[in-house]
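Biologist: Before we begin, I should like each label to be justified by the value behind it. May I ask you to set the two side by side as we proceed?

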Amino acid sequence: MPSTEVKYEYLEHTADAKFRAYGKTKEDAFANAAEAMFNVMINTSKVDCKHREDIIVNAPEIDELLVEWLSELLFIFEVDFLAFGEFKVENITEKDGEFELSGHACGEEIDLEKHEIDTEVKAVTYNDLRVEETENGSMVQVTVDT
């Protein structure tokens, strides 16, 4: 795993976008994965925090929870035309065999003069999906269909 300073890195992939995101906790790694996914689509540094979207998702497995989190953000991007630049996962809990994530994303309405759309992300995939604990914290690996 790279140093704790690295939030995410992009990996070689023939057709889609693939990345690993890191964090001291799963929550940090999930938030950094969201930032990595949005940076495939737009330059998140140009997104101002004018709107906060609270998000709660559930899944039976931790890797499926990651897909649900990213898919929900992608859905909001596509349907509500909101670009996000800041991501926070407050907590990930497991209860009665179900994982739950509560978090939020901060951003603004997409303005094509300000937010240049780079690559269209069609979906978050299960291809080579990983959620792992490492000696330095957590690592997640995601491939998105572009």
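**Labels and the values behind them**

Modeller: Of the 16 residues of α1, 13 are buried, so this helix is largely enclosed by the rest of the structure. Please keep in mind that the model is a predicted one.

Biologist: How do you know that the length of helix α1 agrees with its number of residues?

Modeller: Helix α1 covers residues 26-41, and at 1.5 Å a residue its 16 residues should span 22 Å. The C-alpha atoms at its ends are 23 Å apart, which agrees with that expectation.

Biologist: What does helix α1 pack on?

Modeller: The setting is an open sheet of 3 strands in the order β3-β5-β4, with antiparallel pairing. The twist averages 20° from one strand to the next. Helix α1 packs on this sheet, touching β4 and β5, and its direction makes about 155° with that of β4. Helix α2 (residues 62-80) lies across β3, β4 and β5, and runs at about 145° to β3.

Biologist: Why are β3 and β4 called edge strands?

Modeller: Each of β3 and β4 pairs on one side only.

Biologist: What makes β3 and β5 a pair of strands?

Modeller: Two strands count as paired if at least two bridges are found between them. β3 and β5 have 9 bridges, in the antiparallel sense, and therefore meet the requirement of at least two. An example is Ile 56, whose bridge partner in β5 is Ser 102.

Biologist: Why is Ala 83 called buried?

Modeller: Buried means under 20% relative accessible area. Ala 83 has 0%, so the label applies. Ala 83 is placed in strand β4 (residues 82-95). Apart from its neighbours within four places in sequence, Ala 83 is in contact with Phe 38, Ile 42, Val 47, Phe 77, Gly 107, Glu 108 and Ile 110.

Biologist: Is Thr 44 buried or exposed, and how do you know?

Modeller: Thr 44 counts as buried because its relative accessibility is 9%, under the limit of 20%. Thr 44 lies in the loop between α1 and β3. Neighbours within four places aside, Thr 44 is in contact with Glu 35, Phe 38, Asn 39, Phe 84 and Gly 85.

Biologist: What makes Ala 15 buried or exposed?

Modeller: A residue is exposed when its value is over 50%. Ala 15 has a relative accessible area of 57%, so Ala 15 is exposed. Ala 15 lies in the loop between β1 (8-11) and β2. Although Ala 15 and Thr 146 are 131 residues apart in sequence, their C-alpha atoms are 7.4 Å apart in space.

Biologist: Why is the link between Asp 128 and Lys 18 called a salt bridge?

Modeller: The rule asks for a side-chain nitrogen of Lys or Arg within 4 Å of a carboxyl oxygen of Asp or Glu. The closest N and O atoms of Asp 128 and Lys 18 are 2.6 Å apart, so the pair satisfies the rule. Asp 128 is in the loop between β6 (123-124) and β7 (130-134), while Lys 18 is in strand β2 (residues 17-23), 110 residues apart. Asp 128 is partly exposed at 36%, whereas Lys 18 is buried at 14%.

Biologist: How many salt bridges are there by this rule?

Modeller: The count comes to 8. Among them is the pair of Lys 114 and Asp 48, at 2.5 Å from N to O. Lys 114 lies in the loop between β5 (98-109) and β6 and Asp 48 in the loop between α1 and β3 (51-59), so the pair ties together parts that are 66 residues apart in sequence. Asp 48, Lys 50, Glu 108 and Lys 114 are linked in a network of salt bridges.

Biologist: How do you know that Cys 49 and Cys 106 form a disulfide?

Modeller: A disulfide is a pair of cysteine sulfur atoms within 2.5 Å. The sulfur atoms of Cys 49 and Cys 106 are 1.4 Å apart, and the pair therefore qualifies. The angle about the S-S bond is 70°, and the link is right-handed. Cys 49 is in the loop between α1 and β3 and Cys 106 in strand β5, 57 residues apart. Cys 49 counts as partly exposed at 42%, whereas Cys 106 is buried at 7%.

Note on methods. Residues numbered from 1 in each chain as written. Predicted model: local features only at pLDDT ≥ 70, side-chain atom pairs only at ≥ 80, totals over all residues. Heavy atoms only, no water. Helix = DSSP H or I, 4+ residues; strand = E, 2+ residues; numbered from the N terminus. Buried < 20%, exposed > 50% of the residue type's maximum accessible area, 1.4 Å probe, protein only. Contact = heavy atoms within 4.5 Å. Expected span 1.5 Å × (residues − 1). Axes fitted to C-alpha atoms, helices over the stretch in contact; angles between N-to-C directions.
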